[in-house]
Every structure is written in structure tokens, then in C-alpha cells.
Amino acid sequence: MSTGVDTPTVSGGAVPGGPGAAGGTRPARARRRTDWGRVYTIAVLAWLFLPILFMVAFSFNDPAGRHNITWQGFTFRWYQDALAYPDLNQAMFNSVSIALLTMVISGALGTLLGLALGRYTFRGKQLTNLVMFSAISAPEVVVGAALLSTFLMMNVTTGYWTTVVSHVMFCVSFVAITVRARVITLDPRMEEAARDLGAGPFTTFRLVTLPLLFPAVMSGGLLAFALSIDDYIITSFVSGDVTTFPLWIWGATRVGIPPQVNVMGTLLFLVGVTLAVVNVINSRRKR
Amino acid sequence: MTKSFRSGSETVTAVTGVDLAIAEGEFFSLLGPSGCGKTTTMRMIAGFEEPTGGVVRLDGRDVTGVPAHHRDVNMVFQSYALFPHMSVADNVAFGLRRRGVDKAQIRSRVAEMLDLVELGHRGKHRPSQLSGGQQQRVALARALVNQPGALLLDEPLGALDLKLRQSMQVELKRIQREVGITFVYVTHDQGEALTMSDRIAVMNRGGVEQLGTPAEIYEHPATRFVADFIGTSNLLTGTVGGRTDAGTWRVEVGDGATALAAELPDGAEAGAEVHLTVRPEKVRISVDEPEGAVSRLPGTVTETVYLGSATHYQVDIGSDQRITVYQQNTSGSGLVAERGERVWLSWTPDHSYALTD
């Protein structure tokens with residue numbers, strides 16, 4: 001973007017009338033193209049961030065009735081009263097703990113899966129790729145229904161742990177794909193060097209492979225966390241009588257969503273952004 | 001040793017019948033074009049590949065089947081393979097830590113080794129903060145600090161520019177003399193191999209073509225491949241004639257011209273077709289017919305290249321054969337002959353070798 005902005009000042013500004021009528025089309029065209037690029041960028045950013053901005057803004061809203069949908073006035077009240085609904089607190093705790101478990105379990109499994117897919121050739125490799133892809137692309141409603149019937153058939157009572165298992169199931173592919181991409185770019189000589197210097201297979205993994213894969217493991221894990229914490233459809237099938245944050249909000253829509261939801265959403269968003277920024281800084285420093 | 005790889009249904013043999021005995025403290029080079037099996041041979045010594053047939057012995061002990069991390073050899077990789085997430089000092093200390101050497105000793109040996117490669121002040125840096133030549137020296141230090149039975153170097157200078165490569169050649173040789181460890185050096189660069197090695201194994205198509213000192217290999221190539229691969233060589237095809245009074249063999253190289261060879265290869269006799277090799281700098285060029293028991297060939301100069309310290313001539317000796325001559329410009333006289341002039345080429349019989357393959 002910045003080069004496009006600079007060019008017109010150099011070609012058009014320094015010598016007035018210099019380029020003249022003959023060369024006049026070039027800077028004009030360059031300027032117009034730059035503008036469209038900017039407009040497009042701003043539009044995309046707005047499209048991405050406006051809903052989040054509304055969520056944040058309405059966490060400071062002072063609504064008149066039950067419905068927090070029109071701007072009335074600014075207040076910090078909801079931040080002081082953030083934990084006013086015990087059900088909501090429990091739902092939030094469920095969501096965060098399920099997301100953390102999902103992040104750790106699918107992070108570990110996905111890393112090993114990604115390593116195997118990126119490094120080795122084995123029987124069933126293509127099949128594994130296919131299964132991973134279908135886990136990502138299958139409609140959530142179908143996956144949710146299928147998981148529910150599986151649990152029913154196996155006589156498993158749905159609840160907290162079936163939710164964790166289901167979340168790991170659809171998150172592990174994302175981690176595996178992220179890690180696989182990193183494994184492919186990893187120089188296999190690096191691990192050979194470790195072995196050559198006397199490190200056995202496990203030590204090599206611990207001291208060389210894992211640290212080099214860590215940025216990808218971290219990105220994959222954060223992705224799993226993000227996918228898990230705001231999953232509604234699959235969770236609604238497999239959670240039994242356990243309520244998560246998204247399920248609670250959906251239940252509350254009929255009676256009006258309290259501003260506390262915006263407060264918690266905003267805090268959650270801040271934590272997510274912080275983690276992502278830390279991950280980026282970390283991987284930059286390592287490079 | 002033999003090594004075959006299976007790729008799909010095909011079996012590719014990378015190394016066949018290689019039998020090498022490398023002496024302790026020796027600078028030994030495996031030299032050959034890419035795909036000749038030199039790297040595979042080295043990887044079998046390191047333990048990254050297992051031979052399909054044969055054994056690897058280190059210090060008399062059979063290590064075939066022993067995994068790489070239990071072998072007393074260390075390797076310097078072409079890509080250096082430095083650990084990017086560790087400091088230079090941690091990279092160098094890696095091998096010592098695996099063997100449980102105590103902390104104080106690790107610190108002093110790492111410092112000592114970094115001094116040896118002249119990077120004493122860069123220990124705290126990350127490898128990515130160093131230049132290519134410095135990274136190369138870290139890789140060397142990381143391997144050498146373990147005092148291995150042998151150090152394996154896989155084209156370690158390949159990624160450096162020419163000038164750095166030349167200074168690193170001298171440096172490597174100095175370090176090898178100082179530490180006294182056996183170096184096994186893989187390269188496709190014949191200049192590098194000749195400069196540094198005590199002995200060279202010239203490899204081609206998975207086998208060893210010739211094994212010898214740099215001088216032996218350069219002066220007395222055993223096969224046409226070696227003659228052609230090492231330096232520049234003239235190859236003349238001819239038929240063995242009779243023997244001279246001095247005991248040398250006459251080789252007819254077409255148009256009635258005769259060259260002399262001191263010896264014939266095993267199994268060749270009068271009437272056999274042989275290839276004569278002679279190095280360009282061994283050939284004398286003159287306008288008058290030379291005297292004595294030398295190979296004497298008339299020809300026409302087709303090209304002259306003046307290089308300052310020397311002049312290169314291309315001489316057509318008929319029947320589609322050309323000889324390159326390097327003549328040192330010792331006197332200020334300049335060219336011996338101009339393009340198109342008739343000249344005589346001559347060399348002593350012990351400077352050319354008759355080869356059958």
C-alpha cells in the first residue's frame with residue numbers, strides 16, 4: 001500500500017505540469033488504483049471488525065429495557081456486575097475449561113499427526129488426509145447429529161466429557177494441518193545433526209523437533225481454543241444438560257441478552273488477541 | 001560396502017563395492033560428480049544409512065547397525081544444520097551435554113573451540129545473526145568439540161563464495177593439523193580435494209575409480225574418467241605400435257604421428273587401441289622439431305589465449321584430435337606461435353599414460 005501512496009507525489013507533485021498532457025494518464029491511473037486498494041482494505045477491515053466493535057461498544061451501553069440493542073448511554077455498570085448471573089458464570093467456566101482441554105489434547109494429538117503426515121510415508125497416509133479434510137468440511141449439523149447417535153448407541157450419557165471428545169474430534173485436524181505445513185519446511189538435516197551429536201530419538205524430539213515446531217503447535221492450539229469456545233451447533237447435540245457460553249446466550253435470546261454477555265465476550269476477545277500477539281512476538285524472536 | 005535404495009518397484013544401487021581404509025589422522029577426500037555415491041558412502045559411515053551389504057568399521061570395531069547417536073563420528077552438514085533456536089555456544093555444547101560432561105568443563109571446552117574457529121566473541125549470538133562463513137565455522141566447532149574418532153564433512157564449503165571458500169580451505173587444513181582428528185571430506189570440487197587432502201578416492205557411478213595422493217591422482221590418472229575429471233587433460237586415441245630401443249611403447253595417433261608411452265596398461269599389447277593422457281602444462285610447444293626420446297607431434301595452432309602468467313594454445317594434430325597446451329610466459333617474448341602456424345608438440349614419455357578405459 002505505502003509504495004502506491006508515495007508514487008503520485010513523486011511523479012505528479014515535484015514538477016507541476018512536468019509530465020504534461022502526454023504522460024498525464026500514468027500518474028492519474030496510478031492514483032486511482034491506489035485509492036481502490038485503500039477502499040477495499042478499509043472495507044474488508046470494517047467488515048471484519050464492525051461486529052466486534054458493536055459487541056465491545058454495547059458492553060458499555062446503558063439500556064432502558066431488557067433489550068440491549070439500541071444505544072442509550074455510557075456506563076461501566078456491567079463490568080462491575082459482570083458476574084451477576086450464576087448460570088452465565090457456570091456456562092462461561094464450562095466453555096473455558098472445555099476449550100483449554102480441547103487445546104491441550106488436540107494440540108498434542110494434532111502435533112503428532114502433523115509430524116507423521118509431514119515427515120513419513122506410511123500405509124493409510126492418504127486416507128488420514130482424507131479423513132482430516134472431511135472432518136473440517138463436513139457440515140456441523142451432520143457431525144453433531146452423528147456424534148449424538150454414536151454416543152447414544154454406545155450408551156454414553158452426554159455431558160461435559162462427550163463435549164470435550166467431540167471438540168477434540170473436530171479441532172485435531174486444524175492443528176495437524178498447521179503443524180504439517182511447518183514440518184514440511186523443516187530441514188531434516190537438523191534432526192540428523194542432533195542424532196549425530198549423540199541425542200537419541202526422544203531427546204532429538206524434545207530438544208530440536210518440538211522447539212522448532214512450537215510456533216505451529218501454538219497457532220494450532222490457539223485455533224483449537226477459538227473453535228471450541230464459540231462452538232454452538234455440535235455442542236448443542238452432545239452437551240447433555242451441561243450449558244456452555246454460546247448455549248446460554250442462545251437460550252437467553254428469547255428473554256433478552258443481558259449486557260454481561262457483551263462484557264464476557266469483550267474480555268474473551270481481549271484474552272484471545274493477547275495470546276495471538278504473544279505467539280507472533282515469540283515466533284519472531286525465535287527466528 | 002554396497003548400498004541400494006528401493007524406490008517403488010525399482011532398486012537403485014547408489015554405492016557398489018566400495019572398499020576404503022582410512023588411516024588415523026588423515027585428511028581423506030571422497031571426490032566425484034553429483035550422484036557418484038560419495039554422500040551415500042559418508043552417510044553410511046555416519047550411521048544415517050545402513051549398508052545393504054558389507055560392514056563399517058570404526059577404529060577396528062564393527063559399527064554396522066549401530067545408530068548414529070552411538071557412533072564416535074561427527075558430521076558437518078552442507079546446510080550447516082545449526083539449531084536456530086539455540087545460541088552459538090549452546091549449539092557447540094549440544095554434543096557434550098548429551099554425553100553428560102560436567103558444566104564447568106563444557107564451558108571451558110566450548111570457549112576453547114570457539115576460539116579455535118575465531119568466534120570466541122560470538123557465543124551468545126543466534127546462528128541467524130552470523131554470516132555464512134561464520135555459521136560454517138560454528139558447524140565445524142560443534143562437531144569438533146566432541147573430539148570424534150573421525151570428522152565427516154559433506155561439501156561444507158559449497159554454500160560459500162569463491163574467496164571465502166579459498167580462505168576456509170587453508171583454515172580447515174590448519175584446524176585439522178592442530179586437532180589431529182581424521183577428516184573425511186566429501187566434495188565435487190577437485191581443486192578443493194587436491195589442495196587439502198592427504199589422500200583422495202575419486203568416485204564415479206557408485207564405485208571408486210582411483211585411490212591415491214593428490215599428486216598420484218593428478219600425475220598418474222588410472223582411468224579416463226579420472227584424467228578427465230581432475231584438472232584438464234588431453235586424451236588422444238591411438239594404436240599401440242612397437243617398442244623403442246629405450247623400452248618405451250610407440251602409440252600411433254593418426255596421420256603418421258607417434259607418441260611415446262612409458263608403460264602399457266595391464267592386458268594391452270601391440271595392436272591394441274589405447275587412450276593416451278597428457279596434462280596441458282607437460283606439453284612443450286616449439287616451431288623447430290625437437291630432439292631426443294620424446295613424443296613428437298606436428299600440428300597447427302587453432303587458438304591462442306593469453307592469460308598473463310601463461311598462454312593457452314589449441315593445436316590440431318590431425319585426424320580430428322586436438323591438444324591443449326599451457327605454456328608459462330617466462331621470457332618476455334610473448335607468443336611462441338600465432339594462429340594458423342605449424343608447430344611441434346613434445347613431451348617426455350613418463351608424462352603420458354596409456355589407458356584402456
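In strand S8 of chain B, the bridge partner of B:Leu30 is B:Val186. This pair is a convenient place to enter the structure, which is a predicted model. The two strands concerned, S3 (residues 27-31) and S8 (residues 182-187) of chain B, run parallel and are joined by 5 bridges.

Both strands belong to an open sheet of 6 strands in chain B, with the order S6-S7-S8-S3-S9-S10 and mixed pairing. At the edges of this sheet stand strand S6 (73-76) and strand S10 (207-212); each has a single partner strand, so one side of each is left without a neighbour in the sheet. On average, and with direction ignored, neighbouring strands are turned by 20° against each other. Helix H4 (residues 132-144) of chain B packs on the sheet, where it touches S6 and strand S7 (150-154). The direction of H4(B) makes about 175° with that of S6(B).

A further set of strands in chain B is linked through strand S11 (residues 234-243). S11(B) pairs with strand S14 (residues 273-278) in the antiparallel sense over 6 bridges, and within this pairing B:Thr237 has B:His275 as its bridge partner. S11(B) is also joined by 3 bridges to strand S12 (residues 249-252), again with the strands running antiparallel; here B:Val240 stands opposite B:Val251. S11(B) and S12(B) form a hairpin with 5 residues between them. In the turn, B:Gly247 has a positive phi of about 95°.

Chain A offers another picture, with 13 helices and 0 strands. Of its 287 residues, 29% count as buried. Among contacts in chain A between residues at least 6 apart in sequence, 78% join residues at least 24 apart.

One helix pair in chain A can be followed in detail. The axes of helix H5 (residues 86-119) and helix H10 (201-229) of chain A come within 8 Å and cross at roughly 145°. The crossing is right-handed. On the H5(A) side, the residues making the contact include A:Ser95, A:Ala99, A:Ser106, A:Gly107 and A:Gly110, while H10(A) contributes, among others, A:Leu213, A:Gly220, A:Gly221 and A:Phe225. By class, this contact has 9 nonpolar, 9 polar and no charged residues.

H10(A) appears again where the two chains meet. The contact between them takes 17 residues from chain A and 17 residues from chain B. On the chain A side, the elements that give two or more residues are helix H9 (188-196) and H10(A), and the largest share, 6 residues, comes from H9(A). The chain A side has 7 nonpolar, 3 polar and 7 charged residues.

Turning to the interior, the largest nonpolar core has 131 residues. Those with the most contacts inside this core are B:Val92, B:Leu152 and B:Val184, yet the element that gives the most to the core is helix H8 (residues 160-185) of chain A, with 11 residues. Leaving aside neighbours within four places in sequence, B:Val184 is in contact with B:Ile22, B:Phe28, B:Leu30, B:Met42, B:Ile45, B:Ala150, B:Leu152 and B:Leu153. B:Leu30, met at the outset as the bridge partner of B:Val186, is thus also one of the contacts of B:Val184. Apart from the largest core lies another, of 9 residues, among them A:Trp78, A:Leu88, A:Trp248 and A:Met264.

Terms used:
Residues are numbered from 1 along each chain as its sequence is written. Chains are lettered from A and ligands numbered from 1 in the order in which they are written. This is a predicted model: local features need pLDDT of at least 70, side-chain atom pairs count only at pLDDT 80 or more; totals for chains, interfaces and linings use all residues. Two residues are in contact if their C-beta atoms, placed from the backbone, lie within 7 Å. Helices (H or I, at least four residues) and strands (E, at least two) are DSSP runs, numbered from the N terminus. Ala, Val, Leu, Ile, Met, Phe, Trp, Tyr, Cys and Pro count as nonpolar, Asp, Glu, Lys and Arg as charged, and the others, Gly among them, as polar. Axes are lines fitted to C-alpha atoms, for helices over the stretch in contact, and angles run from 0 to 180 degrees between N-to-C directions. A crossing is left-handed if the near helix is turned anticlockwise from the far one by less than a right angle, and right-handed if clockwise. A nonpolar core is a set of buried Ala, Val, Leu, Ile, Met, Phe, Trp, Tyr and Cys residues joined through C-beta atoms within 7 Å. A residue is buried if 20 or more other C-beta atoms lie within 10 Å of its own, exposed if 12 or fewer, and partly exposed in between; C-beta atoms are placed from the backbone. Two strands pair if DSSP finds at least two bridges between them.
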